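Me: Hi! I'm new to this one and would love a friendly walk through it. Could you show it to me so we can chat?

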Amino acid sequence: MADILAIEMTGITKTFGAVKALVDADLKVARGTIHGLVGQNGAGKSTIIKILAGIYSPDAGKVVINGEQVTRLTPASVEKLGVHFIHQERLLVPTATVAEAVFVNHEPRFGPFIRSGAMKREAEALIKRYFEIDLPADTLIKDLTTAQQKIVQITRALARKASILVLDEPTAALVKREVNSLFSVLRRLRDDGLAVIFISHYMQEIEELCDVVTVMRNGTDVGVVEPRATSIDEIVAMMINRDVGEMYPRRSHPLGDTLLKADHLSSQGHFSAISFEVRSGEILGITGLLGSGVKELVECLFGLETPDGGTISIEGKVRRYPNPNSAVRSRVALVPEDRRAHGVAIDLSVRDNITLASLDRYMKAGFVSRAREAESVDALIRELSIKTPHRDHPVRNLSGGNQQKVTLAKWLSCQSRVYVLDEPTVAVDVGAKVEIYNLLNRLASEGAAILFMSSDLLEIEGFCDRAITVYRGQLSGEFSGDRLNSDALLAAASGAGSREGAAA
């Protein structure tokens with residue numbers, strides 16, 4: 001079955017004005033396989049998937065679905081052909097029940113009446129069959145976890161006889177246990193003969209889950225590989241057209257005085273007596289498992305939470321942060337993990353986002369000097385290589401990597417000295433990661449202190465000067481030099497290592 005094609009897209013070309021989004025691109029997906037689709041933002045992944053979804057029409061090329069050549073695709077016709085999309089944004093009505101979400105617009109009826117009891121029973125039976133869990137059908141969507149909402153999305157597709165599932169960054173908001181559960185379901189669906197297209201920036205997931213991977217770069221496919229026979233480094237090199245060893249910038253500048261110091265910092269129920277410091281020019285990695293207290297520690301450093309013990313010092317002076325504004329006045333910046341919810345105002349323009357926290361710098365006689373503001377914003381757009389048509393373009397229309405750059409530009413506009421970064425490269429493509437690493441390295445070389453929180457241990461190993469780990473609210477390891485490696489970090493973060501044995 002695996003050699004029968006469910007999707008055959010060949011010679012696909014699509015232009016938008018002068019921009020060539022796709023050039024003679026192919027995507028061929030066999031039934032009974034999990035097919036990865038990878039590439040940098042702008043590589044063409046989104047465009048070819050939107051053509052498959054019937055959102056865009058190709059300028060050239062052929063689309064064949066389950067053996068049937070399709071000349072005109074629409075979202076409705078694609079669904080009738082058995083292709084269903086599981087989007088990163090869950091697109092579920094919060095006040096609907098599980099049963100209503102599963103059977104929306106396809107409710108079982110008796111004449112004009114919805115058979116509510118049958119709908120609930122069938123929804124629960126489908127979830128039990130495919131996911132092996134009990135999920136009451138009358139539960140409201142707003143009361144479900146992120147993973148449960150993902151389950152409802154997939155069940156809705158299966159209820160409509162899906163033969164092809166397209167999942168766009170499905171694990172971005174899931175914890176490891178939930179990811180493992182999702183992967184088990186996708187493997188069962190594959191074994192039942194479904195074709196699964198899996199789009200992700202997480203290369204470890206691509207290696208673990210996918211049978212075949214199509215790599216895209218500059219609007220076309222540059223290779224189809226089997227991840228278990230090809231290293232992640234080779235796949236990444238195909239994506240960025242350079243050796244993966246070039247991802248992390250060389251760091252050679254000297255370190256200066258301590259800019260940020262936490263001394264026996266505690267927050268009841270989260271972490272206790274944690275001490276560390278970050279020097280000018282240093283990038284300090286910090287990591288811990290879910291529930292370790294790392295998230296709450298980061299929030300205390302920016303005034304989002306109030307510690308109940310210990311002190312925070314900036315440039316040798318003890319600071320107390322009752323709110324984030326007081327942290328900003330101390331030239332401390334926070335780049336949050338959920339950039340769309342907390343890092344940028346997605347309904348505002350690039351210009352407004354960049355100057356949001358520093359408008360006083362552009363005030364003159366009580367009014368904002370739009371000329372000075374525009375000059376500064378344009379300089380930051382150039383400096384950070386933010387890909388936007390113009391400064392007044394809405395941030396919601398930018399890629400994830402460019403939204404993250406806008407967040408960083410906001411703090412550059414504030415002339416921050418201490419940067420606290422919470423998963424700054426999560427769900428960002430490889431090319432944008434390299435640009436973010438280079439920017440942070442440049443900030444450090446100019447004297448900033450950077451606290452770099454990440455759950456990607458290889459990233460911490462490759463990018464940071466030094467690293468600390470937190471386990472169940474306690475500092476469990478401190479690493480530098482040859483001791484700074486992903487195996488040692490994992491051992492300390494999971495409680496298998498000791499601080500004394502790991503400290504450099």
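**Strands, a pocket and a few helices**

Reply: Happy to. Val83 in strand S6 has Ile164 as its bridge partner in S9. One thing to keep in mind as we go is that this is a predicted model.

Me: Good to know. In which sense do S6 and S9 pair, and over how many bridges?

Reply: S6 and S9 pair in the parallel sense, over four bridges.

Me: And what stands opposite Ile164 in S10?

Reply: That is Ala195. S9 and strand S10, which covers residues 195–199, are parallel too, and five bridges link them.

Me: Is strand S9 largely enclosed or open?

Reply: Largely enclosed by the rest of the structure, because four of its five residues, in the stretch 164–168, are buried. Buried here means under 20% relative accessible area.

Me: Let's switch to pockets. What volume does the second largest pocket have?

Reply: The second largest pocket comes to about 420 Å³. It is lined by 18 residues, and those closest to its centre are Glu79, His84, Phe85, Arg156 and Arg160.

Me: Which elements give two or more residues to that lining?

Reply: Helix H2 (75–80), strand S6 (83–86) and helix H5 (146–159) do. S6 gives the most, with four residues. So the strand we started with turns up again here, in the lining of the second largest pocket.

Me: How do the lining residues divide into nonpolar, polar and charged?

Reply: Ten are nonpolar, five are polar and three are charged.

Me: You mentioned H5. Where does Thr146 lie, and how exposed is it?

Reply: Thr146 lies in helix H5. Its relative accessibility is 24%, so Thr146 counts as partly exposed.

Me: How far is Thr146 from Asn105?

Reply: In sequence, Thr146 and Asn105 are 41 residues apart; in space, their C-alpha atoms are 23 Å apart.

Me: Okay, another helix. What span should H14 have, and what does the model give?

Reply: Helix H14 has 14 residues, 400–413, and at 1.5 Å a residue they should span 20 Å. The end C-alpha atoms of H14 are 20 Å apart, which agrees.

Me: Is H14 largely enclosed or open?

Reply: Since 13 of the 14 residues of H14 are buried, this helix is largely enclosed by the rest of the structure. H14 is followed by Gln415, which has a positive phi near 55°.

Me: Back to strands. What is the order in the open sheet of four strands?

Reply: The order is S14-S13-S16-S17, with antiparallel pairing. Strand S14 (271–279) and strand S17 (317–319) are the edge strands, each pairing on one side only. On average, neighbouring strands in this sheet are turned by 25° against each other, direction ignored.

Me: How many bridges join S13 to S14?

Reply: Six bridges join them, with strand S13 made up of residues 258–267 and running antiparallel to S14. One of the pairings puts Ser267 opposite Phe271 in S14.

Me: Last topic: the hairpin of S23 and S24. What sits between the strands?

Reply: Two residues lie between the strands, and in this hairpin Arg472 takes a positive phi near 50°. The strands themselves, S23 (466–471) and S24 (474–480), run antiparallel and are joined by six bridges.

Me: Which residue in S24 is the bridge partner of Val470?

Reply: Leu475 is the bridge partner of Val470.

Conventions:
Residues numbered from 1 in each chain as written. Predicted model: local features only at pLDDT ≥ 70, side-chain atom pairs only at ≥ 80, totals over all residues. Heavy atoms only, no water. 1 Å grid on protein atoms, 1.4 Å probe; cavity = no way out; pocket = protein on both sides within 12 Å on 5 of 7 lines; lining within 4 Å. Points joined across faces, edges and corners; volume = space filled by probe spheres on them. Nonpolar A, V, L, I, M, F, W, Y, C, P; charged D, E, K, R; others polar. Buried < 20%, exposed > 50% of the residue type's maximum accessible area, 1.4 Å probe, protein only. Pairing = 2+ DSSP bridges. Expected span 1.5 Å × (residues − 1). Axes fitted to C-alpha atoms, helices over the stretch in contact; angles between N-to-C directions.
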